[in-house]
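Here are some notes on the ligand site of this model, set out as numbered points. They begin with the contacts to the ligand and then turn to the pocket.

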Amino acid sequence: MSGAVRIAPSVLSVDLARLAEQVRVVLDVDVMDGRYVPNLTFGANMVATLRALTDRPIDVHLMVVEPERYLEPMAEAGASGLTFHPDATVHVQRLLSAVRQRGLRAGLALNPGAPLALMEEVIADLDVVLIMSVNPGFGAQHYIPASTDKIRRARSALDRARSPAYLEVDGGIGPDTIAAAHAAGADTFVVGNALFSSPDPGAIVRELRQRCAVSV
Ligand code: DX5
């Protein structure tokens, strides 16, 4: 484990009227198609809009069926990374390697009910392992406590494989939940409501980092 702490604000919770002002850090863009999850959000045009506003990494989290159809449009729009759900496509390893060949970070997202075995089979093809600590589709949900043990087991699997992949957690992350996730081995944190419901997101980022610093 590197000890790094990456905070990725989730654009799902951003005030779109203040987009330019709020996009100064690594970004997580939640793309939902209304089929894989019961919600509809952004397409490649949102990524292109953000890319025009920042040169920071933009990680696209595809909560869509047939994610392979989105690789080219998202790459063209300026995405830095693409993470998809293994149960949304037929050929997981083929898509992971296609994402890398396109020059993007390749990630796999595991829902609370999805076994870690799904990522262990393709661990050499992964730059990001995303543990969903809520069922995907909406912001402002509560962190599922069983996620902490899943993060711990994912960390062991990555360390056994000597994998440099980011271990990311997404859903219900805030000052009360980040320390346990970090101590379990996560190094990248998608944060939506805890950041953008605050009048001072910068202060929340500092607090989240401080909670991680004392959690090790
Ligand atoms: C949910 C999304 C998350 C969500 C996080 O399906 O993947 O990124 O926006 O928001 P919070 O931090 O509010 O749970």
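**Notes on the ligand site**

1. In this predicted model, a polar backbone atom of N193 is placed 2.9 Å from an oxygen atom of the ligand. The protein covers 99% of the 380 Å² of accessible area that the ligand has on its own, and this figure is worth keeping in mind when the individual contacts below are read.

2. Two further backbone contacts deserve a look in the viewer. A polar backbone atom of G137 is 2.7 Å from an oxygen atom of the ligand, and for G172 a backbone N or O atom lies 2.8 Å from an oxygen atom of the ligand.

3. Which residues are the closest to the ligand among the 20 that surround it? They are G137, A140, G172, G192 and N193, a list that includes G137, G172 and N193, the residues named above for their backbone atoms.

4. By class, the shell around the ligand consists of 9 nonpolar, 8 polar and 3 charged residues.

5. As for secondary structure, at least two residues of this shell come from each of strand 2 (27-32), strand 3 (58-63) and strand 8 (188-191). Strand 2 gives the most, with 3 residues.

6. The ligand takes up the space of the largest pocket, for which the computed volume is about 380 Å³. This pocket is lined by 31 residues, and those closest to its centre are A140, Q141, G171, G172 and I173. Strand 2, strand 3, strand 8 and helix 8 (193-196) are the elements that give two or more residues to the lining.

7. The lining of the largest pocket can be described by class as well, since its residues divide into 14 nonpolar, 14 polar and 3 charged. A140 and G172, which are listed among the residues closest to the pocket centre, also appear among those closest to the ligand, and a reader may wish to begin with these two positions.

Note on methods
Residues numbered from 1 in each chain as written. Predicted model: local features only at pLDDT ≥ 70, side-chain atom pairs only at ≥ 80, totals over all residues. Heavy atoms only, no water. Near = heavy atom within 4 Å. Polar contact = N/O pair within 3.5 Å; in protein donor to acceptor, adjacent residues only side chain to side chain. Areas by Shrake-Rupley, 256 points an atom, 1.4 Å probe, with all protein chains shown as cover. 1 Å grid on protein atoms, 1.4 Å probe; cavity = no way out; pocket = protein on both sides within 12 Å on 5 of 7 lines; lining within 4 Å. Sits in = over half its atoms within 2 Å of the grid points. Helix = DSSP H or I, 4+ residues; strand = E, 2+ residues; numbered from the N terminus. Nonpolar A, V, L, I, M, F, W, Y, C, P; charged D, E, K, R; others polar. Points joined across faces, edges and corners; volume = space filled by probe spheres on them.
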